[in-house]
Amino acid sequence: GVGVRLGCMALRWGLERGCENVRFLAIDDEPRQHKRLVRYWRWLGLEERNYVGDGLGDIRERMVWGGRGRIMEANIEDLLEKWKGTW
């Protein structure tokens, strides 16, 4: 759909500017929605990384991401290869 196509365009733009990996935060505002986001991004090809929580050890990550949740990461070239038929 349009969302995947726009995402691929943004990934291509980042790749052309030297980015190798992409990271997203599956925000954890509500447990059911968080679970759906993680499942969807895994389906798209991202892998789960660390969880940004509410503790003191997560303050730096909370400043960057603006909330708590699971960081998801993938190699841009791998994602573009997987989704090349959509863009």
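Student: Where in the chain does Leu 6 lie, and what makes Leu 6 count as exposed?

Tutor: In this predicted model, Leu 6 has its place in helix α1, which spans residues 2–16. Its relative accessibility is 51%, and since the label "exposed" requires a value over 50%, Leu 6 is therefore classed as exposed.

Student: What makes Val 2, Leu 6 and Met 9 a nonpolar patch?

Tutor: A patch of this kind takes residues with over 30% relative accessible area and no salt bridge, and joins nonpolar side chains, among them Val, Leu and Met, within 5 Å. Leu 6, at 51%, passes the accessibility cut-off, and together with Val 2 and Met 9 it forms a patch on the surface with about 330 Å² of accessible area.

Student: How is Leu 6 placed relative to Val 22?

Tutor: Leu 6 and Val 22 are separated by 16 residues in sequence, and their C-alpha atoms are 14 Å apart in space.

Student: Why is the contact between Phe 24 and Trp 41 called an aromatic pair, and which kind of pair is it?

Tutor: The ring centres are 5.1 Å apart, and because the rule asks for centres within 6.5 Å, the two rings qualify as a pair. The angle between the planes is 35°, which is neither under 30 degrees, as stacked would require, nor over 60, as edge-to-face would require, so the pair counts as tilted.

Student: What parts of the chain does this pair link, and how do you know whether Phe 24 and Trp 41 are buried or exposed?

Tutor: Phe 24 belongs to strand β1 (residues 21–27) and Trp 41 to helix α2 (residues 31–44), so that the pair, with its members 17 residues apart, links distant parts of the chain. Trp 41 has a relative accessibility of 15%, and because buried means under 20%, Trp 41 counts as buried. Phe 24, with 32%, falls between the cut-offs of 20% and 50% and is therefore partly exposed.

Student: How many aromatic pairs does the rule give, and which residues do ring pairs link into a cluster?

Tutor: The count comes to 3 aromatic pairs, and ring pairs link Tyr 40, Trp 43 and Trp 83 into a cluster. Of these residues, Tyr 40 is located in helix α2, and its relative accessible area of 38% lies between 20% and 50%, which means that Tyr 40 is partly exposed.

Student: What lines the largest pocket, and how much space lies in it?

Tutor: About 250 Å³ of space lies in the largest pocket. Its lining consists of 14 residues, and those nearest its centre are Val 4, Gly 7, Leu 11, Phe 24 and Leu 44. The elements α1, β1 and α2 each give two or more residues to this lining, and α1 provides the largest share, with 6 residues.

Student: Why is the contact between Glu 16 and Arg 12 called a salt bridge?

Tutor: Side chains of opposite charge can pair when their charged atoms come close. The closest N and O atoms of Glu 16 and Arg 12 are 3.6 Å apart, and because the cut-off is within 4 Å, the contact counts as a salt bridge. Both residues lie in helix α1, 4 residues apart, which is about one turn of the helix. Glu 16, at 54%, is above the cut-off of 50% and so counts as exposed, whereas Arg 12, at 34%, is partly exposed.

Student: What makes Arg 49 and Glu 73 a salt bridge, and where do the partners lie?

Tutor: Their closest N and O atoms are 2.8 Å apart, and this distance is within 4 Å, so the criterion is met. Arg 49 is in strand β2 (residues 47–52) and Glu 73 in strand β3 (residues 69–75), 24 residues apart, and the pair links distant parts of the chain. Arg 49 counts as partly exposed at 36%, while Glu 73, at 14%, is under 20% and therefore buried.

Student: Which network includes these two residues, and how many salt bridges does the structure hold?

Tutor: Salt bridges that share partners join Arg 23, Glu 47, Arg 49 and Glu 73 into one network, and the structure holds 11 salt bridges. Another of them connects Glu 81 and Lys 84, with the closest N and O atoms 2.9 Å apart.

How values were computed: Residues are numbered from 1 along each chain as its sequence is written. This is a predicted model: local features need pLDDT of at least 70, side-chain atom pairs count only at pLDDT 80 or more; totals for chains, interfaces and linings use all residues. Side-chain values use heavy atoms; hydrogens and water are left out. Rings of Phe, Tyr and Trp (its six-membered ring) pair if their centres lie within 6.5 Å; planes under 30 degrees apart count as stacked, over 60 as edge-to-face and the rest as tilted. Buried means under 20% relative accessible area, exposed over 50%, partly exposed in between (1.4 Å probe, protein chains only). Patches are made of residues with over 30% relative accessible area and no salt bridge: like charges are joined within 9 Å, nonpolar side chains (Val, Leu, Ile, Met, Phe, Trp, Tyr) within 5 Å. Accessible areas come from the Shrake-Rupley method with a 1.4 Å probe; for residues, only the protein chains shown count as cover. A salt bridge is a side-chain nitrogen of Lys or Arg within 4 Å of a carboxyl oxygen of Asp or Glu. On a 1 Å grid over the protein atoms alone, a cavity is a set of points where a 1.4 Å probe fits but cannot get out, and a pocket is an open set with protein on both sides within 12 Å along at least five of seven lines; lining residues have an atom within 4 Å of a point. Grid points are joined across faces, edges and corners, and a volume is the space filled by probe spheres set on the points.
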